[in-house]
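Reader: Could you take me through one part of this structure up close? I'd like to understand where the ligand sits and what is around it.

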Amino acid sequence: PAMLGILGGGQLGRMFTIAARTLGYRVTVLDPDARAPAAAFADVHLCRAYDDRDALKTLADTCAAVTTEFENVNADSMRWLAQTIRVSPSADCVAIAQDRIAEKSWIRRAGLDTAPYLAIESVEELACDLSPWLPGILKTARLGYDGKGQVRVDTPEAARAAYANLGGQACVLEKRLPLQREISVIVTRVSDALVNSFPVSENEHVDGILELSIVPARIGDALAARAREMAIRLAHELDYVGVLAVEFFVLDDDSLVINEIAPRPHNSGHYTLDACNTDQFQQQVRALCGLAPGRADLLTPVVMANLLGDRWKADGSAPYWAVLMDTPNAKLHLYGKDTARKGRKMGHFTVVGSDVDNLIEQTRALQETL
Ligand code: ATP
Ligand code: MG
Ligand code: MG
């Protein structure tokens, strides 16, 4: 069977690896961490740096196709691999997603809205009147996730000080918008004709980290359809091949603003593992291999809750899972990480049922007892 490669062996790489093996492929994981979550499931674990020439050569020589689990991979490594083997998403798309300035200008190029923002590539850009973007959030252009590299700023002085504190690296100053709610859409695109999207997920964050995903989102059908169309339009504009996650803000008047994109399966799409015909990792495998996306229909309402390291005890021991095991409509997913840290994603669980309001209540009750 063909060998597929993935850059990164965290939980997303692990779930990709499991999906690929279920579909009959072999998998090589490149990750410098000997205990990477995906390593236990991989046929081959290349325990090397992401830009290690020998490791990349091994991927090029032994794999039919290579994908990535995270956007901060070296785009040049992907470009180099793409000279000999299929790489999806493309290095160009990954480069766009890893830079908030490029990302936002592509979103606008597709005719879609972002929050008002000022691109700051040097300190001179902060000399102007900043009031159009205040109160705002200063975000580093690169390498931020789970709200890291972001500072809320209310005044021009605070914005300038925060920029200096971040070491003068490229940033965006984004206006803070009043959010009715946050939603996301995951698109699978192979070509103009072979494209579909998963149902809209409604996402609740705590301290900048995803806490709950609720599907179907508690929004009207027209708004949901509009979000799915916008996500697909952006995938077409980027000529994107693979799984693309699009995060939206819903404003009070039901208008939609794109927050950011991720060139890969997304935490807010983990519900698809338990509630859809085809899950987002199977879609990643299919798109990587040039196969048509599978049906993305929702089979049941579902709520997904993240399990962060905060719930682990100080001695590193896990919460007592019996309550989840005693709940027939709950399903536990653990990522095999042996050290817990505050805010670290250790696993998640889903609950399925007929009514999302009941599921939200049930999820909160389960979170309390863990
Ligand atoms: P991740 O990649 O893990 O989703 P991130 O670090 O890239 O997170 P963002 O998605 O930019 O961060 O922001 C994190 C959260 O902060 C958002 O989901 C939203 O709740 C809030 N937020 C970000 N930008 C704005 C904004 N312009 N107005 C209001 N809230 C915002
Ligand atoms: Mg992000
Ligand atoms: Mg985000």
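Author: Let's go straight to the ligand. Ligand 1 lies between domain 2 (116-175) and domain 3 (181-369), because both give residues to the shell around it; the domain bounds come from an automatic or database domain assignment. This is a predicted model, where local features need pLDDT of at least 70, side-chain atom pairs count only at pLDDT 80 or more, and totals for chains, interfaces and linings use all residues. Residues are numbered from 1 along each chain as its sequence is written, while chains are lettered from A and ligands numbered from 1 in the order in which they are written.

So who's around the ligand? There are 19 residues around ligand 1, and Ala-115, Tyr-145, Asp-146, Arg-176 and Leu-177 come nearest (a residue is near a molecule if its C-beta atom, placed from the backbone, lies within 6 Å of it). Sorted by type, the shell has nine charged, five polar and five nonpolar residues. Here Asp, Glu, Lys and Arg count as charged, Ala, Val, Leu, Ile, Met, Phe, Trp, Tyr, Cys and Pro as nonpolar, and the others, Gly among them, as polar.

Strands pitch in too: S7 (136-140), S9 (171-175) and S15 (256-262) each supply at least two shell residues. Strands are DSSP runs (E, at least two residues) and helices likewise (H or I, at least four), numbered from the N terminus.

Now for the record: an unreviewed UniProt entry lists residues 104-289 as "domain: ATP-grasp", though such annotations may be inferred rather than shown by experiment. That span, 104-289, is 32% strand and 25% helix, and its end C-alpha atoms lie 29 Å apart.
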